[in-house]
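Ready for a few short exercises on a protein model? Have a look at the sequence and the fold first, then try each task before reading its solution.

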Amino acid sequence: MSIVAITGDHPRHAYLVARLAETGLLSGWIREVREAFVPKAPADLPADLVELFDLHFARREAAEAEIFGTPDTSAIPTFDTSHEALNSEGVIDRICTLKPRLVLSYGCHKLSAEMRERVGAVFWNTHGGLSPQYRGVITHFWPSYLLEPQMTGVTLHETTDALDGGAVIHQTGAVLERGDGVHKLAARTVRAYADEIGGLLADALQKPDLPAGIVQKSTGKLWVSSDWRPEHLRPVYEAYDDRIVDRVLDGDLTGTLPKLVSVLKP
């Protein structure tokens, strides 16, 4: 009945793992060491964009420190790995020794079909975006950029070769609080997901079979890293002062409303 988590090493990932550990079902954590959490601005940016770039990522760091704190994961059996070694024999063997029924990934690079086959467990992935509309990367930024922060969310889906395209297990919608910018909105939404998913998984693992997901009815939009440029920060910070959530709560902005689905709760 155990769970193995495979995640990145950012604050949001540690928070989810700590909450999973509270269920008593987490038998181990494979932690991929990711890129620097606060990146350096590209050298060729004009000065005003450097300021926006630095502001944007400083606010992300501050938001995650405030919302997630410093989770205590010291008691969790942890195995650190790199992007290059994520699907290696060593990692696969480590997971196999833990004999999980469910492997839950979040914020790591793609897990190979060979790993999934050899481990023999159910693999579900946590995606920081509402699929299928927001598949891919940087998907907690694009809803606010497109003036629909209510479409921020988290999707738990079956792990397949299609990026964020597996059948949906559970979705958590945006937590809109007045005064929050794009990063606090994202962090609050991830925290809401992490706070509820452990109990839902514990209930699901009590049953003989884990539920099948709901097949995504469209391909939606797959956002890739090259879609984002520092220039995209201008409308968020200069036109809206990072207060797009407030504009929605005031009724000044409308847009798409999320249609959340779940096979883990009514």
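The exercises below go through one helix, two pockets, the cysteines and some backbone details.

This is a predicted model, in which local features need pLDDT of at least 70, side-chain atom pairs count only at pLDDT 80 or more, and totals for chains, interfaces and linings use all residues. Residues are numbered from 1 along each chain as its sequence is written, and side-chain values use heavy atoms, leaving out hydrogens and water.

**Exercise 1. Helix α3**

Task: find the buried residues of helix α3 and say which elements they pack against.

Solution.
- Step 1: Helices (H or I, at least four residues) and strands (E, at least two) are DSSP runs, numbered from the N terminus. On this basis α3 covers residues 89-98.
- Step 2: Buried means under 20% relative accessible area, exposed over 50%, and partly exposed in between, with a 1.4 Å probe and protein chains only. In α3 the buried residues are V91, I92 and I95.
- Step 3: Down the axis of α3, these buried residues fall within an arc of 100° (taken from the directions from the helix axis to the C-beta atoms), so they line one face of the helix. As a general reminder, an α-helix has 3.6 residues a turn, so residues three or four places apart point the same way.
- Step 4: Their packing partners, by contact (heavy atoms within 4.5 Å), are β1 (3-7), β2 (26-32), β3 (78-81), β4 (102-106) and α4 (113-119).
- Step 5: Just after α3, K99 takes a positive phi of about 50°.

**Exercise 2. Two pockets**

Task: describe the lining of the largest pocket, then that of the second largest pocket.

Solution.
- Step 1: On a 1 Å grid over the protein atoms alone, a pocket is an open set of points where a 1.4 Å probe fits, with protein on both sides within 12 Å along at least five of seven lines; lining residues have an atom within 4 Å of a point. A volume is the space filled by probe spheres set on the points, which are joined across faces, edges and corners.
- Step 2: The largest pocket holds about 1,400 Å³ of space. Of its 47 lining residues, R12, R34, G136, V137 and I138 lie nearest the centre.
- Step 3: α2 gives the most to this lining, with six residues.
- Step 4: Sort the lining by class, with Ala, Val, Leu, Ile, Met, Phe, Trp, Tyr, Cys and Pro as nonpolar, Asp, Glu, Lys and Arg as charged, and the others, Gly among them, as polar. The largest pocket has 22 nonpolar, 18 polar and seven charged residues.
- Step 5: The second largest pocket, of about 310 Å³, has 15 lining residues, with S131, P132, Q171, K259 and V261 nearest its centre. Its classes are eight nonpolar, five polar and two charged.

**Exercise 3. Cysteines**

Task: explain why C96 and C108 are not bonded.

Solution.
- Step 1: A disulfide is a pair of cysteine sulfur atoms within 2.5 Å, and the structure holds zero disulfides.
- Step 2: The closest cysteine sulfur to that of C96 is in C108, 16 Å away, which is too far for a bond.
- Step 3: C96 is partly exposed, at 30% relative accessible area, whereas C108 counts as buried at 18%.

**Exercise 4. Backbone details**

Task: locate P132, D164 and D241, and check their backbone angles.

Solution.
- Step 1: P132 sits in the loop between β5 and β6 (135-136). The peptide bond from S131 to P132 is cis, with omega near 10°.
- Step 2: D164 lies in the loop between β7 (153-158) and β8 (168-173). Its phi is positive, near 55°, and D164 counts as buried at 6% relative accessibility.
- Step 3: D241 belongs to the loop between α7 (233-239) and α8 (244-249). Although not a glycine, D241 has a positive phi of about 55°.
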